[in-house]
Amino acid sequence: MSIVLPPRTEVTWAKVEDGFYVGSSGGEFRGYIDEDPSGLFVASNMFSRVIGEFAALSDAMRAVDTAHEQSGVHGEVN
């Protein structure tokens with residue numbers, strides 16, 4: 001028996017307002033990033049749980065994507 005995984009879908013990031021970004025893929029919400037007053041980017045998963053703080057927006061985006069992939073798409077990262 002073999003398992004066929006769907007191809008990885010590109011994440012789309014929308015800048016909702018200054019310092020606030022929302023990520024989605026295939027119509028599914030992945031998480032969001034909020035820039036705090038100190039300039040750090042706070043990444044949160046699809047359940048609004050903080051993943052981490054990052055100096056670069058690109059690192060925060062990668063963290064949201066990775067957390068979503070590790071969650072099994074519809075579950076939460078433990």
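Colleague: Is Glu 69 buried, partly exposed or exposed?

Modeller: This is a predicted model, where local features need pLDDT of at least 70, side-chain atom pairs count only at pLDDT 80 or more, and totals for chains, interfaces and linings use all residues. Residues are numbered from 1 along each chain as its sequence is written, and side-chain values use heavy atoms, with hydrogens and water left out. Buried means under 20% relative accessible area, exposed over 50%, and partly exposed in between (1.4 Å probe, protein chains only). The relative accessible area of Glu 69 is 32%, so Glu 69 is partly exposed.

Colleague: How many salt bridges are there?

Modeller: A salt bridge is a side-chain nitrogen of Lys or Arg within 4 Å of a carboxyl oxygen of Asp or Glu. By this rule, the count is 4.

Colleague: Which residue shares a salt bridge with Arg 30 at 2.3 Å, N to O?

Modeller: Arg 30 is buried at 6% relative accessibility. Its partner is buried too, at 13%. That partner is Asp 65.

Colleague: Which helix does Arg 30, in strand S3, reach through Glu 69?

Modeller: Helices (H or I, at least four residues) and strands (E, at least two) are DSSP runs, numbered from the N terminus. Arg 30 and Glu 69 form a salt bridge, with the closest N and O atoms 2.9 Å apart. The two residues are 39 apart in sequence, and Glu 69 lies in helix H1.

Colleague: What is the N to O distance in the salt bridge of Asp 18 and Lys 15?

Modeller: Asp 18 is exposed, at 69% relative accessible area. Its side chain meets that of Lys 15 at 3.5 Å.
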